[in-house]
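Some descriptive terms are put to the test below. Each answer sets a value against the definition behind the term.

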Amino acid sequence: MRKKLRALLTFLSILMAFVLYGYLCAIREAFSAGVSVAGADRIVVMHKMSLVMLLPVNYKPQIERIEGVDAVASSTWFGGMYQGEAKNFFPQIVVEPETYMKVYPEYLLSEKEKQAWLTTRTGAIVGRKTAKRFGFKVGDRVPIQATIWNKKGGGRTWEFDIVGIFDGKEKGTDTTGFLFRYDYFDEALEFGQGQVGWYVARVADPEKSEQTAKKIDALFANSPAEVKADTEKAFVQSWAKQIGDIGKIMVAILSAVFFTILLVAGNTMGQAVRERREELGVLKAIGFTNGGVLAIVLIESCLLSSLAGVLGLGLAWILIAQGDPTGGALAVFYFPSHDLALGFVFVLALGVAAGILPAIQAMRLNVADALRRM
Amino acid sequence: MSASDNVLVRVSGVDRVFHRGSEDIHVLQNLDMEVRSGEFLALMGPSGSGKSTLLNMIGGLDRPTKGTVTIGGDSINALSDRELAAWRSRHIGFVFQLYNLLPTLTAEKNVELPLLLTPLTKAERNRHVEAALTVVGLAHRTRHFPRQLSGGEQQRVGIARAIVADPTILLCDEPTGDLDRKAGDEILALLQALHREQGKTIIMVTHDPHASHRADRTLYLNKGQLTTEMSE
Ligand SMILES: Nc1ncnc2c1ncn2[C@@H]1O[C@H](COP(=O)(O)OP(=O)(O)OP(=O)(O)O)[C@@H](O)[C@H]1O
Ligand SMILES: [Mg+2]
């Protein structure tokens, strides 16, 4: 009975460790998602002083003319609030539909929706994730309170008609965005017309993107609004460096968890071997070799850790698929398959690591000693 | 044909010294012994005289400090641990005082264990297991776990496990030591039947003079030496 209880507790510890592993992997992925999908073929152009300073709209044709630039999209951070609640945060960005779709091909929209957006001035498209979170459907009219951009006459409520819901081309694609048209926005503005937040330029040859970025910098050097152009990858990576620390913290947590689990499982296996000295002795007397007994203990250890570990990983997978614990604030939340595969490696490694010392003990066990009655 | 042609087990000049701290314990001293093929031998002697030690030596579980153990003409001292394990699986069947069945396995799985080391197929193994359990009179309790069986029944399973691979020698260390008289007698009758009907060579350690009467011959171990007479 005691033995069963001990095995059960060990089983649950391993299971919980792998559920935790799944969550930490999903969270790390949520923070670093942008990094892996960041296009090397995109250049972000922003004000040299700071991201919150605006750039003139007439920069766009100038950037377009630079050799190697295929398309240029402008973007402006709207930063509004939905239903007056800060916790209902999702990014709203002012864009020009045509160029934006060219520069961000990973946002998938049906042809019909695309057409609707191009012909509806108040039209907005919203990512699948945010649409799900708030139940937005095509045809809905969504009011958003401005926190930066007042309308002419001081109005703060902007209304948009949802004309499309976009999906991500890849699993890691951010589908939390809410995108609406610049022409509608600019015309209704009280102040700040003729400016945008930043530009994103798409280049034909990713190999030359750094070169092209330098050309853009040079183009606006010594102008009233100098710019800083960099590849999206570099841009995202500088942000990722800060969250890299989060990754390190997670690795530290996981190491501590697995170390503890290793001690728990190792202790269980060690006790199992000590309690079964006689059984192992009998196996050897019957003719099982030392190596055979070693294998039996190792297999048992691996079986314990696989059963618990695989169940834990499966449980993590299912729980994570239910959505992120913040209720949708994370842009992406899933158990990355390479981390899942790594999880299976950890499961086996744990089995071997926990079982190896007891197994060697079992291998070295002297039969005559094991069978001698005390 | 001389009697020595028939010798299956030959122990010659064997010493076994155990070290306990700085102290040397000479358990067996220059011990000689011969057991003929098909013989049923009882081994008696005071507690601590080295009966189990001698049995382990013959069964290849322990190695002599000095001297040789020859079984069927082959010296087993020269074998490596690995070779010795394989040799045991082919030639030796052990029966223990406390049965030593694996508690998590049913009777038939316990009996099957030695066959897992042979190239037999599952069907062949099943046939051997059934035959062995029939010989010991337990054909009806194959699916029971050890804790569901009486001591006498568990020892029958132990004997079935010992004979299932048809070993050359059966080594029994106080097989009735933990049983009451009636169950003990049944086990002894079973060993005797295996000896008489199947010609098994059996070496049995016992404290019970009554048990030794079942054997063809009894040897006494005392102060590291064997005698045919009980001393003291
Ligand atoms: N591995 C060992 N290390 C030290 N001493 C040992 C070891 N094995 C046996 N002995 C000693 O050798 C002596 C003989 O032991 P053995 O078990 O062979 O006796 P036995 O005749 O079978 O006794 P019993 O009738 O009680 O079973 C004992 O004094 C025992 O303490
Ligand atoms: Mg003994």
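Q: What makes up the exposed surface of chain B?
A: In this predicted model, chain B exposes about 10,900 Å², and carbon and sulfur atoms supply 49% of that area.

Q: Why is chain B said to agree with a compact globule?
A: The globule rule is 2.2 Å times the number of residues to the power 0.38. For 232 residues this gives a radius of gyration near 17 Å; chain B has 18 Å, so the value agrees with the rule. Along its principal axes, the C-alpha trace of chain B spans about 50 × 45 × 40 Å.

Q: What share of the residues in chain B is called buried?
A: Buried means under 20% relative accessible area, and 52% of the 232 residues in chain B are buried.

Q: What makes a set of residues a nonpolar core?
A: The members must be buried residues of the nonpolar kinds, joined through side-chain atoms within 4.5 Å. The largest such core has 51 residues, and B:Met33 and B:Ile58 have the most contacts inside it. A second, separate core of 41 residues includes A:Val72, A:Ala131, A:Tyr182 and A:Ile216.

Q: Which residues are in contact with B:Ile58, leaving aside its neighbours within four places in sequence?
A: Contact means heavy atoms within 4.5 Å. Among the partners of B:Ile58 are B:Val9, B:Val11, B:Met33, B:Trp87, B:Leu171 and B:Ile203.

Q: How many positive and negative side chains does chain B have?
A: Lys and Arg count as positive, Asp and Glu as negative. Chain B has 26 positive and 28 negative side chains, and the centres of the two sets lie 5 Å apart.

Notes. Residues are numbered from 1 along each chain as its sequence is written. Chains are lettered from A and ligands numbered from 1 in the order in which they are written. This is a predicted model: local features need pLDDT of at least 70, side-chain atom pairs count only at pLDDT 80 or more; totals for chains, interfaces and linings use all residues. Side-chain values use heavy atoms; hydrogens and water are left out. Buried means under 20% relative accessible area, exposed over 50%, partly exposed in between (1.4 Å probe, protein chains only). Accessible areas come from the Shrake-Rupley method with a 1.4 Å probe; for residues, only the protein chains shown count as cover. The place of a charge is taken as NZ of Lys, CZ of Arg, CG of Asp or CD of Glu.
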